[in-house]
Amino acid sequence: MDLKDKLVSSFLAFENRVDNDAYVHDVRTDAFKIFEEKGFPTKKDEAWKYTSLNSVLKQDYSLFPKQEDALEYRDVKKYFIHDIDSYKIVFIDGKYSSHLSQTTHDGMDVCLMSAALSKPKYQLVIQNYFNKVATTDSLTSLNTAFSSEGAFIHIPKNKIVEKPIQIVHFSTGNEAATMLQPRNLIVVDENSHVQIIERHQSLTENPVLTNSVTEIFANKRAIVDYYKIQNDNHNASLIDNTFINQKRESHASVHTFSFGGKLTRNNLNFFQNGERIDSTLKGVTIIGDKQHVDHNTLVHHIEPNCESHQDYKGIFDDNATGVFNGKVIVEKEAQKTNAFQANNNILISDKATINTKPQLEIFADDVKCSHGCTIGQLDESAMFYMRSRGIPEKEAKGLLMYAFSNNVLSSVKIPEIKQRITKLIANKLGVNIGFEV
Amino acid sequence: MLKIENLHARVEDKAILRGINLEVKPGEVHAIMGPNGSGKSTLSSVIAGKEEYEVTDGNIIFDGEDIDELAAEERAHKGIFLSFQYPVEIPGVSVTNFMKTAINETRKAQGLEEMPAKDMLKLIREKSELLEIDRKFLSRSLNEGFSGGEKKRNEIFQMAMLEPKLAILDETDSGLDIDALRIVANGVNKLKNENNAVVVITHYQRLLDYIVPDFVHVLYDGRIVKSGGKELAHELEEKGYDWIKEEANA
């Protein structure tokens, strides 16, 4: 039975098993119909032209893996940013791990989606926000249909959350192959500020497919900084669908660091519903072997006087393939928009590939929009310059690539994340950068 | 220290150096002058180990060892330093971090421990004062947005940090105003001693008023066609290069 049939045939049993609020039930049922009709995207879909899901869909995934809450913190500590105090929402094979988590209801909610979907006190928030910014493409709909667990974060107004929140999904390889569909909902009210770190980590070589949906609402003057660390092992694939709805004067940023995984697709969508909004989308991709990373971004400028900044860097070795498809829409009303987009790539090997495509649809006439993409090799004259100062070829390459990706790191606000990412970059490039950042 | 014998080099199919002979001993300052396109920069790049140039004949001996097969960084570890005519911008790497990496990689290659952070800071302070470099400047990305003069001063700062045996200064005077020229020359002179040597490559005599050479060589068409003392530089300044070309072509 292929994966779609398997999903379709298990939907009713799933729906009957989970606690059902009537509203959520309707949302799931509608979403299921959309997926059933559309199925998985193929290369015939324009948005999937350079990314084929064939190889990841052919596995016989277990859709509801059995739980085994046997992870000890010391064994998985390295997957956390562990040198800072933080809230943690941790899942093992899709199930919440209270043992590894540190949640709170003290003046805000940093807790579980399953609780939010079933408890009456969250009913209003769910009805106002759940599935309100997620689109109706087939993969998002599939996630919506099966949504039951994930992180639920609600920060009421005028609250600066000092500690970052880490959302970590582990898969243990309990099943021969596992499919996970986490669903996160993050609501940040007026004047509040939150920082979130998200990671998906497979602990064995057994195949994992994660189809994740995150909805983020940055209300008036809210600040949301989101960091995605994608450094999973070679049999883990991730389809990340993130939707951000911004209200006036809010600032939202998403940094995506893609260093691992078999196939990674990031569908990142920003909707600016208000004036003087700032949206930042940045990413560093460093991959090799046969890895594939696809960034598919959308910034929808709907109202005047807003900004967006996109900066994606990619370094591709061996047979790795990368895709960048950055769409910016500026509506007729969105005058005085400043929209910037850059995608710069280095191909280290002759067999590595990058497909990069900026897509600008501008209907306003008084705007500043720029985009640029480059594909190049390492600068030979820079290499000679560094080597002539005694820096060996390998370290010089590493330092150049580090320098290349540094623009993106400069806007990371949490120093521990910056240090961690620098270390990951150094490890990935096999060099000792030789100094602290 | 440096002995170049019958050196021939080409880039792609074009022969640029066509039989260079040059010997530099410890404590000496040599100037290599010549018209544009005579091969001055090629000579400095070949000594420093730039891979685009192919040595087709002859030898480069440094401290008794043929270095022709060595990579650029290995030559640097042995004590060869090239001050670039056009220093390369490295965004995202500060001057300080770049120097830390360069010094510690050199020390590693020489079998030494990394330099303790305290010593490194002291060295940076000392050498930046020598070149009259503002400390704030050192945290900026290497050469990014530097003026021509700042780039050159930074090159000599790096030379001061690395303390090479042989320093080759490729057109270090170009792009320098007179004050910067004095600071740079003063820095070079203070670093000079009986155990190291300097090769100054220049089109003009100007820098040689400050860094006084023991020998002046004129490069033309890939060969050294004339050598002499510092008075040769003055003669070239007065008469230009045409008479050299005529003599060489005669």
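Which residue of chain B does the side chain of R387(A) meet in a salt bridge?

**Entry 1: the salt bridge.** I worked from a predicted model. I looked up R387(A) and found that its side chain forms a salt bridge with that of E73(B), at 2.6 Å from N to O. I then asked how many salt bridges the rule finds across the interface of chain A and chain B. The result is 3.

**Entry 2: polar contacts and elements.** I recorded 10 residue pairs in polar contact across the interface of chain A and chain B, both residues being at pLDDT 80 or more. On the side of chain A that touches chain B, I noted helix 8 (380-387) and helix 9 (393-409) of chain A as the elements that give two or more residues. Helix 9 of chain A gives the largest share, 7 residues. I sorted the residues of this side of chain A into 12 nonpolar, 4 polar and 6 charged.

**Entry 3: extent of the contact.** I noted 22 residues from chain A and 32 residues from chain B in the contact. The area buried between the two chains is about 2300 Å², and carbon and sulfur atoms give 63% of this area. I find that F384(A), Y385(A) and R389(A) supply 36% of the area that chain A buries against chain B, more than any other three residues.

**Entry 4: positive phi.** I looked up N131(A), which is not a glycine yet has a positive phi of about 60 degrees. N131(A) lies in the loop between helix 6 (123-129) and helix 7 (138-145) of chain A, and is partly exposed, with a relative accessible area of 23%. In chain B, I noted a positive phi near 50 degrees for E132(B). E132(B) sits in the loop between helix 4 (117-130) and strand 8 (141-142) of chain B, and is exposed, at 51% relative accessible area.

Technical notes
Residues are numbered from 1 along each chain as its sequence is written. Chains are lettered from A and ligands numbered from 1 in the order in which they are written. This is a predicted model: local features need pLDDT of at least 70, side-chain atom pairs count only at pLDDT 80 or more; totals for chains, interfaces and linings use all residues. Side-chain values use heavy atoms; hydrogens and water are left out. Contact means heavy atoms within 4.5 Å. Buried area is the accessible area (1.4 Å probe) that two parts lose on being put together, summed over both. A salt bridge is a side-chain nitrogen of Lys or Arg within 4 Å of a carboxyl oxygen of Asp or Glu. A polar contact is a pair of N or O atoms within 3.5 Å; within protein, one must be able to donate a hydrogen and the other to accept it, and residues adjacent in sequence count only if both atoms are side-chain atoms. Helices (H or I, at least four residues) and strands (E, at least two) are DSSP runs, numbered from the N terminus. Ala, Val, Leu, Ile, Met, Phe, Trp, Tyr, Cys and Pro count as nonpolar, Asp, Glu, Lys and Arg as charged, and the others, Gly among them, as polar. Buried means under 20% relative accessible area, exposed over 50%, partly exposed in between (1.4 Å probe, protein chains only).
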